[in-house]
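Reader: Hey, I've just opened this one and I'm new to it. Mind if I throw some quick questions at you?
Author: Go ahead, here it is.
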Amino acid sequence: MPNQNMSDKEEIIANILNSMRKSTSAWKDVADELLKAKTKFGGSSSTYKEIMQECKFSKATASKLCAIAEDD
């Protein structure tokens with residue numbers, strides 16, 4: 001019985017870590033797209049503000065995501 005429990009535990013850990021890797025990659029893609037929009041349209045443009053609004057990002061969150069994208 002303990003072996004089955006250990007296997008289940010390891011499977012759960014593997015699934016969580018896999019999901020976290022996917023999530024990190026997806027957020028990196030979001031950061032890259034926001035930086036692309038900021039660079040193309042300008043950070044104070046109405047187009048960039050519309051993108052933030054449609055994606056439901058505050059200015060602070062968008063700024064942080066752009067900073068992440070700039071670091072890479």
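Reader: Let's start with C66: buried or exposed?
Author: C66 is buried, with a relative accessible area of 1%. Keep in mind that this is a predicted model.
Reader: OK, and what about C55, how accessible is that one?
Author: C55 has 46% relative accessibility. That value lies between the 20% and 50% cut-offs, so C55 counts as partly exposed.
Reader: How many disulfides does the structure hold?
Author: Zero. C55 is in no disulfide, and the nearest cysteine sulfur, that of C66, is 11 Å away. A disulfide needs the two sulfur atoms within 2.5 Å, so C66 is in no disulfide with C55 either.
Reader: Switching topic: which residues make up the largest nonpolar core?
Author: There are eleven residues in it: A31, L34, L35, A37, Y48, M52, F57, A62, L65, C66 and A69. So the buried cysteine C66 belongs to this core.
Reader: Which helices supply residues to this core?
Author: Helix 1 (2-41), helix 2 (46-54) and helix 3 (59-71) each supply at least two. In soluble globular proteins, nonpolar side chains tend to be buried together.
Reader: Pick out A37 for me. What does A37 touch?
Author: Leaving aside residues up to four places away in sequence, A37 touches G42, Y48 and I51. Of these, Y48 is also listed in the largest nonpolar core, as is A37.
Reader: Last thing: what's the mean pLDDT of the chain?
Author: The mean for the protein chain is 92, and 92% of its residues reach 70 or more.
Reader: And which element has the lowest mean, and which the highest?
Author: Helix 1 has the lowest mean pLDDT, 91, while helix 2 has the highest, 97.

Technical notes. Residues are numbered from 1 along each chain as its sequence is written. This is a predicted model: local features need pLDDT of at least 70, side-chain atom pairs count only at pLDDT 80 or more; totals for chains, interfaces and linings use all residues. Side-chain values use heavy atoms; hydrogens and water are left out. A nonpolar core is a set of buried Ala, Val, Leu, Ile, Met, Phe, Trp, Tyr and Cys residues joined through side-chain atoms within 4.5 Å. Buried means under 20% relative accessible area, exposed over 50%, partly exposed in between (1.4 Å probe, protein chains only). Helices (H or I, at least four residues) and strands (E, at least two) are DSSP runs, numbered from the N terminus. Contact means heavy atoms within 4.5 Å. pLDDT is the predictor's confidence in each residue, from 0 to 100.
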